[in-house]
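Here is a short tour of one protein chain for you to follow with the structure open. Take a moment to turn the model around before reading on.

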Amino acid sequence: QAPPMLRTVRHLLFPDLSSYGAEPGMGLLDPDPAEHARELLAAAKPHHRRAVELALCDLYGRRAEAIVRLPRGVERALAHRLLHDPRDLPLLLNFIQCGLWLAFSLTLQLTLLPRDGGLSARAVGLFVVHVVVTWAILGQRFILGMHFAAHRTLISPRVPGAALLNALPQLVLANFWGMPAGMYYLHHVVMHHASNNLFSWDLSGTNSYRRDSPLALLHYIANFALHTFLYLPYYAVV
């Protein structure tokens, strides 16, 4: 059996979502998800069963987005007084931990890096730690969380400043994962979903590419990475 530290690292990089059931103490999900899961699986067609199992795992599996947890009373207060839907608490905690990490890492960089910009062991060490935590541990969590937040209202409209709070992940945090402020919503919701992946209305559509071709995949990645800054302004204006 692996040492506890290695199991923790594995959980951070490859979260275990295999267990069904509401997380103890959360009190925010279906009170008896196991019964609901059995009903859905029993009604599923054989060729749909695997898809249903994955959907149930996503709905009722042990949540792994939030590495940093708050006291239970604080979480309940946030869920019921701040959020539009209390079930989105893991999403809020995910954004909080991303913001806390960025604030901590940037503070270290601004205070510990040499003023002359020279390369040093300290600079390399901070760079490696920042990249590993930001991308290997938090990258998938933040980008998937931002995807959900682009489709759902996270902060309740009754909360003062809700519009600004809901925009913070896309306007502020997204920049640190390589997505300029506001570009994700414009691309994903306004263009991609409205045009339903159909090129040339969806300028990043995939339906014109061969799905079994590695060269087509490389072409799509290069096209998406290099031309998005031209596509989106063109789409927004035209």
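Let's begin at one residue and work outwards. Leaving aside residues up to four places away in sequence, Phe95 touches Phe142, Gly145, Met146, Ala149, Leu154, Pro169 and Leu173. Please keep in mind that this is a predicted model.

**Phe95 and its surroundings**
- You can find Phe95 in helix 5, which covers residues 89-112.
- Is Phe95 buried or exposed? Its relative accessible area is 8%, and buried means under 20%, so Phe95 counts as buried.
- Ala66 is 29 residues away from Phe95 along the chain, yet the C-alpha atoms of the two are separated by 8.6 Å.

**The chain as a whole**
- How many helices and strands does the chain have? There are ten helices and zero strands.
- Read from the N terminus, the order of elements is α-α-α-α-α-α-α-α-α-α.
- The chain has 238 residues, and 32% of them count as buried.
- If you take the contacts between residues at least 6 apart in sequence, 66% of them join residues at least 24 apart.

**Helix 9**
- Helix 9 spans residues 183-195.
- Which residues of helix 9 are buried? They are Met183, Tyr184, His187, His188, Val189, Met191 and Ser195.
- These buried residues pack against helix 7 (139-151), helix 8 (162-171) and helix 10.

**The loop between helix 9 and helix 10**
- Right after helix 9 comes Asn196, with a positive phi near 60°.
- Asn196 sits in the loop between helix 9 and helix 10, and its positive phi is found here in a residue other than glycine.
- Asn197 lies in the loop between helix 9 and helix 10 as well; its phi is positive too, about 70°, although Asn197 is not a glycine.
- Where do these residues stand on exposure? Asn196 has 58% relative accessibility, and exposed means over 50%, so Asn196 counts as exposed.
- Asn197 has 18% relative accessibility, which is under the 20% limit, so Asn197 counts as buried.

**Helix 10**
- Helix 10 runs over residues 214-237.
- How far should helix 10 span? At 1.5 Å a residue, its 24 residues should span 34 Å, since the expected span uses one less than the number of residues.
- The end C-alpha atoms of helix 10 are 33 Å apart, which agrees with that expected span.
- Helix 10 also has a kink of about 65°, centred on His227.
- The buried residues of helix 10 are Ala216, Asn223, Thr228 and Leu232, and what covers them includes helix 9.

**The second largest pocket**
- The volume of the second largest pocket is about 290 Å³.
- Helix 9 and helix 10 are the elements that give two or more residues to its lining.
- Which element gives the most to this lining? Helix 10 does, with five residues.
- The lining includes Met183, Tyr184, His187 and His188, which are also among the buried residues of helix 9.
- Thr228 and Leu232 line the pocket too, and both are among the buried residues of helix 10.
- Others in the lining include Gly178, Met179, Pro180, Phe224, Ala225 and Phe229.
- By type, the lining residues divide into eight nonpolar, four polar and no charged.

Methods
Residues numbered from 1 in each chain as written. Predicted model: local features only at pLDDT ≥ 70, side-chain atom pairs only at ≥ 80, totals over all residues. Heavy atoms only, no water. 1 Å grid on protein atoms, 1.4 Å probe; cavity = no way out; pocket = protein on both sides within 12 Å on 5 of 7 lines; lining within 4 Å. Points joined across faces, edges and corners; volume = space filled by probe spheres on them. Helix = DSSP H or I, 4+ residues; strand = E, 2+ residues; numbered from the N terminus. Nonpolar A, V, L, I, M, F, W, Y, C, P; charged D, E, K, R; others polar. Bend = angle between axes of the 7 residues up to and from the residue. Buried < 20%, exposed > 50% of the residue type's maximum accessible area, 1.4 Å probe, protein only. Contact = heavy atoms within 4.5 Å.
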